[in-house]
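Trainee: I've got a fresh model to look over and I'd like to quiz you on it. Mind if we go through it together?

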Amino acid sequence: MELSTVTYYLIISVTLIYFFSKYKFSYWSKKKVLYPEPTFPYGNLKQTLKENVPFSSIISQSYDKAKSKGHKFFGVYKFWIPSFVPVDLDLIKLILHKDFTYFTDRGVFVDEENDPLTGNLFNLQEHKWRNMRQKLTPTFTSGKMKMMFQTMVVCTKHLDEILKEYASINEPVEFKDLLARFTTDIIGNVGFGIEINSMKDPDSEFRKEGIKAFEFSISAKIKLFLIMVLPPWLLKKFNISFHSAKSINFFINLVEKTVAYREKNNVFRKDFIHLMIQLKNFGRVTDLDESTLMNKEKPSVEGITINEMAAQAFVFFLAGFETSATTMTFALIELGQNMDIQEKVREEIKRIIEKYNNEITYDGIMEMEYLEKVVSETLRKHPPLPLIPRTCTKDYNIPGTDVVIESGTTVEIPTLSIQRDPEYYPDPDKFDPERFNAENKANRHPYAYIPFGEGPRICIGVRLGKLQVKVGLCSILSKYRITINKKTALPIKYNPGLISTVKGGVYLNLESV
Ligand code: HEM
């Protein structure tokens, strides 16, 4: 093809896309729904894609505008695709809970054939999701958390050793990466049943996979763009998958090998893999011990496959390590700026650890009321998922209006905007754990606090997430007073992406107590 022909087709294509986008950009105005002005071809994603401004910040600006004008919702565009954003808490309650049957999915592309890892609980749709959620729910009970608790405590030993080294040479610690490695080790251990020790070996394959998953690189942006704008049949046809073949093989092989080893040697460990082997062999989790692994009785319910197991272990890892690590990091940054709160929580932690023979115990952590408030306030001010993705699965008429959210429209629940709204949290930038005392909690709309989402699709790992955050904080704060090192840029800024992490390093000084 000659250059002039290529140029000709290029001009025609861009012109067509331009007029197509212009037409698409009239979607919200036709529905008489408020929206921020989109730009071609980004819609409202321009600052996110060009300047790395988190999309949640763009949403927050529109949230404030909509609220000041008395609107209960507004619309945005991701490229030319319309997305609905509810503002009113009663409407959010309808979407997440009461009228959940209209909003069961997340609208994430699932292609179990080419990319088995996409078949995980976070992505799965409709009956497949319901079926898997039902099977997995018993693996996250408080009894099961108690069973896995000791593994978490073992991981704190490695954290202790590293902190001791830094304290002995009086060097600040970069906590963001260290805590991501700490939670990688915990989830690797309880989720995949293997010792990763990425705290000692930052270059471990597991840690590399974790870093890769949250990179906002150019190629990740292009992949995201294609997955957002192309119809699922086209993505399947061109075999465009979310995860690289290398990642898919890595996780599936890991699970395959672990399962084969355990079944051959009848190994019983207190972790998710054990519970999922039960799901594979019996279709349900039992409270029985190792003998159940070898039991040849026919399952009463259909069991899960190795690929399904790998997809779930994979999402526990992804959803579990960065969310909890980022929560701990934010908690330490806030405590480093609010020394009175830090001293108060340390006093409680030390008192209760002492009560339990100088050990961090499950029961002890459950007794730490002030620590619970500190973690809640951290998740209020810095929700790891600033936007919760959902999709409308059948046309929904918003009660009291003539606006219909059409089936297929994505919905963004603006958690960060709600949790920084001065109507619900006066002086919202202030870090104040007392917002979570019984009286203040009772006086607030329950949907003004949704760091784990709500309704049937609420985070399945709430208990595990909070537990590992608390174990980590107990371990650090019981031994060290932490202050902010000048290498940490304040006020902190967030990286863009599904999960909010701090931009740049988080350096903190340690002083033994
Ligand atoms: C501080 C820690 C955590 C936070 C803030 C968090 C937050 C969230 C949020 C906001 C959602 C979406 C809920 C909704 O749509 O209503 C979610 C879903 C999910 N989370 Fe978490 N999470 C955390 C830890 C964990 C851990 C430790 C695991 C697993 C090991 C986990 C596994 C999941 C899964 C599998 C889903 C999808 C649930 C479904 O669609 O049925 N999360 N999480």
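Trainee: Let's start in the middle somewhere. In which helix is L224 found?

Mentor: Keep in mind that we're looking at a predicted model. The helix to look for runs over residues 218-229. So L224 is found in helix 10.

Trainee: Is L224 buried, partly exposed or exposed?

Mentor: Buried would need under 20% relative accessible area, and exposed would need over 50%. L224 has a value of 35%, so it is partly exposed.

Trainee: And how far apart in space are L224 and V267?

Mentor: Along the sequence these two are 43 residues apart. Going C-alpha to C-alpha, the separation of L224 and V267 in space is 40 Å.

Trainee: Let's zoom out. How many helices and strands does the protein chain have?

Mentor: Both kinds of element are present in the protein chain. The count comes to 21 helices and nine strands.

Trainee: Why can we call the chain as compact as a globular protein of its length?

Mentor: Start with what the globule rule gives for 513 residues, which is 24 Å. The radius of gyration of the protein chain is close to that, so the chain is as compact as a globular protein of that length. As for its extents, the C-alpha trace spans about 75 × 60 × 50 Å along the principal axes. The radius of gyration itself is 24 Å.

Trainee: What share of the residues counts as buried?

Mentor: Here the cut-off is under 20% relative accessible area. The protein chain has 513 residues, and the share that counts as buried is 51%.

Trainee: Among contacts between residues at least 6 apart in sequence, what percentage joins residues at least 24 apart?

Mentor: For a contact, heavy atoms have to lie within 4.5 Å. Taking the contacts in the protein chain at that sequence separation, the part joining residues at least 24 apart is 71%.

Trainee: How far apart are the centres of the positive and negative side chains?

Mentor: The protein chain carries 68 positive side chains and 61 negative ones. The centres of these two sets lie apart by 3 Å.

Trainee: Now for the annotation. Where does UniProt place the feature "binding site"?

Mentor: This one comes from an unreviewed UniProt entry. The residue in question lies in the loop between helix 20 (438-442) and helix 21 (462-477). UniProt puts the feature at C459.

Trainee: Which residues is C459 in contact with, leaving aside neighbours within four places in sequence?

Mentor: At 33% relative accessibility, C459 counts as partly exposed. With those sequence neighbours left out, the contacts of C459 are R133 and F452.

Trainee: D105 caught my eye. Is D105 buried or exposed?

Mentor: D105 sits in the loop between helix 5 (89-98) and helix 6 (126-136). Among the residues D105 touches are R390, T391 and R457. Its relative accessibility is 7%, and the cut-off is under 20%, so D105 counts as buried.

Trainee: What about T326, which residues does it touch beyond four places away in sequence?

Mentor: T326 has its place in helix 15, residues 306-337. At 3% relative accessibility, T326 counts as buried. Not counting residues up to four places away, T326 touches P384, I499, S500 and T501.

Trainee: Any backbone oddities? Which residue joins L490 through a cis peptide bond?

Mentor: The peptide bond from F40 to P41 is cis, with omega near -5°. For the bond at L490, omega is about -5°. The partner lies in the loop between strand 8 (480-484) and strand 9 (507-512). The residue joined to L490 is P491.

Trainee: One last check on phi. What is the phi of N357?

Mentor: N357 lies in the loop between helix 16 (339-355) and helix 17 (362-367), and with a relative accessible area of 66% it is exposed. D427 also has a positive phi, near 50°, in a residue other than glycine. N357 is not a glycine either, and its phi is positive at about 55°.

Note on methods: Residues are numbered from 1 along each chain as its sequence is written. This is a predicted model: local features need pLDDT of at least 70, side-chain atom pairs count only at pLDDT 80 or more; totals for chains, interfaces and linings use all residues. Side-chain values use heavy atoms; hydrogens and water are left out. Helices (H or I, at least four residues) and strands (E, at least two) are DSSP runs, numbered from the N terminus. The radius of gyration is taken over C-alpha atoms; the globule rule is 2.2 Å times the number of residues to the power 0.38. Buried means under 20% relative accessible area, exposed over 50%, partly exposed in between (1.4 Å probe, protein chains only). Lys and Arg count as positive and Asp and Glu as negative; His and the chain ends are not counted. The place of a charge is taken as NZ of Lys, CZ of Arg, CG of Asp or CD of Glu. UniProt positions are given in the numbering used here, feature names are shortened, and annotations may be inferred rather than shown by experiment.
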